[in-house]
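This report describes a few features of one protein model. Please look at the sequence and the structure before reading on.

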Amino acid sequence: MKNFYIVYNPDKDEDNRITSELTAYIESQNGACKAMDCYSFSACDKQQVTDELESFDCILVLGGDGTLLNVASSASHVEIPLFGINLGTVGFLTEGEITNWQTIIDRLLADDYSMQDRMMIRGTVRTGDGKECRKRALNDIVISRAGFSRLIGLDVYVNGSFLNAYEGDGIIISTPTGSTGYNLSAGGPIVDPKARVLLLTPINAHDLNSKSIVFGAEDVVEIEMGSRRFQKDETACVSFDGDTPEHLHVGDRVRIAQAQSTIWICKISNQSFLEILRKK
């Protein structure tokens, strides 16, 4: 690959120093590149993203896992691989480290890399007044209590059949890629990111028997906001990969299923997922 689109986090790359160094080096190696900050990139609509990425071979993401998730969501409809260079802390998704960025660029320029196909999930929010909102996520879709509200009641259905009624702080529906994110913090299982499953993990459920459940990728999970004591006081919110949340009220539903589109992640390391997990 020779043409790189760089999306950088300006909060982590002060004065665009790293972005400028990468741009200069790529061009010195007869490559081409263009850079945009992650906030401007996420503000582009679907057609603008398509036009921006039309002539590029790869998106280089400079930031942390959050930056890569944001870019993946915006570019999920375009078949172009991503490679993350970590400017954050742990970084499960951002494989590269800023300390060896030149080696990374050399490997990519020489086509010395592999690619992993990661599943995404699609969430459809249906409100009581008939409105719909659809978004995709690479990591997770989280339904949680809003502000300082009490425990929320969530009724869960799988493939149309009632599963359980949960009371607690919320529910995480995660992909295998997102299993090392919020799902892990909430006590959910770690899953190899190449797998094709859906993970349901309750958040601080008010129940001694609430455990994570693993479903097949073809299953459809629906979660309805239920009423507990005072219906008018029941509020919650749903977020996609930690993005700006949508508010939920009693009777609203979120339908979650595997998305048709996937994300390609470039890999230059031969380390297995378990090796990376142990290292991180």
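The text below covers a pair of helices, two strand pairings and two pockets.

The model is predicted, and every value in this report is computed from it.

**Two helices**

Helix α1 spans residues 17-28 and helix α5 spans residues 101-109. Their axes come within 11 Å of each other and cross at roughly 40 degrees. The crossing of α1 and α5 is right-handed. On the α1 side, the residues that meet α5 are Glu-21, Leu-22, Tyr-25 and Ile-26. Their counterparts in α5 are Trp-101, Gln-102, Ile-105 and Asp-106. Sorted by class, this contact holds 5 nonpolar residues, 1 polar residue and 2 charged residues.

**Strands around β17**

Strand β17, residues 253-267, pairs with strand β6, residues 114-126. The pairing of β6 with β17 is antiparallel and runs over 12 bridges. Within it, Asp-117 has Trp-264 of β17 as its bridge partner. Strand β14, residues 221-226, also pairs with β17 in the antiparallel sense, over 4 bridges. Here Val-221 stands opposite Ile-256 of β17.

**Two pockets**

The table sets out the volume and the lining of the two pockets.

| Pocket | Volume | Lining residues | Classes in the lining |
|---|---|---|---|
| Largest pocket | about 490 Å³ | 27 residues | 9 nonpolar, 9 polar, 9 charged |
| Second largest pocket | about 420 Å³ | 18 residues | 4 nonpolar, 7 polar, 7 charged |

Which residues are closest to the centre of the largest pocket? They are Glu-95, Lys-267, Ser-269, Gln-271 and Ile-276. The elements that each supply at least two residues of this lining are β5 (96-97), α5, β6, β17 and α7 (273-279). Helix α5 thus appears both in the contact with α1 and in the lining of the largest pocket. Strands β6 and β17, which pair with each other, also contribute to that lining.

In the second largest pocket, the residues nearest the centre are Ser-42, Asn-70, Ser-73, Ser-74 and Asp-243. Helices α3 (46-53) and α4 (65-74) and strand β7 (132-137) each supply at least two residues of the lining of this pocket. Which element gives the largest share of the lining of the second largest pocket? That element is α4, with 5 residues.

Key: Residues are numbered from 1 along each chain as its sequence is written. This is a predicted model: local features need pLDDT of at least 70, side-chain atom pairs count only at pLDDT 80 or more; totals for chains, interfaces and linings use all residues. Side-chain values use heavy atoms; hydrogens and water are left out. Axes are lines fitted to C-alpha atoms, for helices over the stretch in contact, and angles run from 0 to 180 degrees between N-to-C directions. A crossing is left-handed if the near helix is turned anticlockwise from the far one by less than a right angle, and right-handed if clockwise. Contact means heavy atoms within 4.5 Å. Ala, Val, Leu, Ile, Met, Phe, Trp, Tyr, Cys and Pro count as nonpolar, Asp, Glu, Lys and Arg as charged, and the others, Gly among them, as polar. Two strands pair if DSSP finds at least two bridges between them. On a 1 Å grid over the protein atoms alone, a cavity is a set of points where a 1.4 Å probe fits but cannot get out, and a pocket is an open set with protein on both sides within 12 Å along at least five of seven lines; lining residues have an atom within 4 Å of a point. Grid points are joined across faces, edges and corners, and a volume is the space filled by probe spheres set on the points.
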